[in-house]
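Q: I should like to learn how salt bridges and side-chain exposure are read from a model. May we work through an example together?

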Amino acid sequence: ASFLAPLVYAVAARTAPAGRAAVHDLQARYGRTYLSFGLLVVVLAGAYLATDRDLWAEPWVSGPLLIAIVIGGIGGGYLGPRERRLVELAERDDGEYRRVVGQARAASLAVSGLVLVAIFVMVTKPGA
């Protein structure tokens with residue numbers, strides 16, 4: 001889902017202003033409910049497995065868990081407020097809407113990049 005977010009922002013920016021609010025509202029609700037819960041499950045399960053197998057010293061374990069926590073911070077502290085602001089700005093087609101949608105799209109691209117880095121580190125296991 002995190003890989004689709006930049007596409008959703010791009011499509012919403014080109015959609016008629018009347019339909020944008022629904023798209024941004026759905027995206028904000030989805031992020032608050034499913035993505036937040038899913039990320040919490042990933043972090044807790046990863047922490048449990050790392051503790052159970054005594055793997056905290058391995059960079060391919062601690063690095064991706066740190067990345068997951070950073071992703072949660074970006075989602076809750078940066079993307080969430082912008083998604084709520086986009087719902088408010090959706091019916092306007094002005095510079096502020098374009099600026100906020102650009103910020104949200106850039107942040108979602110950064111999150112996608114962090115997901116790819118975490119996957120790469122877990123698969124290649126550097127230092128193992």
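Q: Is Glu96 buried, partly exposed or exposed, and at what relative accessibility?

A: The class follows from relative accessibility, where partly exposed lies between the 20% and 50% cut-offs. In this predicted model, Glu96 has 25% relative accessibility and therefore counts as partly exposed.

Q: Which side chain does Glu96 meet in a salt bridge?

A: The general criterion is a side-chain nitrogen of Lys or Arg within 4 Å of a carboxyl oxygen of Asp or Glu. Here the partner of Glu96 is Arg85, with an N to O distance of 2.6 Å. This pair links distant parts of the chain, 11 residues apart: Arg85 belongs to helix H3, and Glu96 to helix H4 (residues 95-124).

Q: Which residues are joined with Arg85 into one network?

A: Salt bridges that share partners join Arg85 with Glu88 and Glu96. The bridge between Arg85 and Glu88 spans 2.8 Å, N to O. Glu88 and Arg85 are separated by about one helical turn, because they lie 3 residues apart in helix H3 (residues 59-89). Glu88 counts as exposed at 54% relative accessibility, whereas Arg85, at 29%, counts as partly exposed.

Q: How many salt bridges are found in the whole structure?

A: The search finds 4. Among them is the pair Asp52 and Arg53, whose closest N and O atoms are 3.9 Å apart.

Q: How exposed is Asp52, and how exposed is Arg53?

A: Asp52 has 48% relative accessibility and counts as partly exposed. Arg53 has 58% and counts as exposed.

Terms used: Residues numbered from 1 in each chain as written. Predicted model: local features only at pLDDT ≥ 70, side-chain atom pairs only at ≥ 80, totals over all residues. Heavy atoms only, no water. Buried < 20%, exposed > 50% of the residue type's maximum accessible area, 1.4 Å probe, protein only. Helix = DSSP H or I, 4+ residues; strand = E, 2+ residues; numbered from the N terminus.
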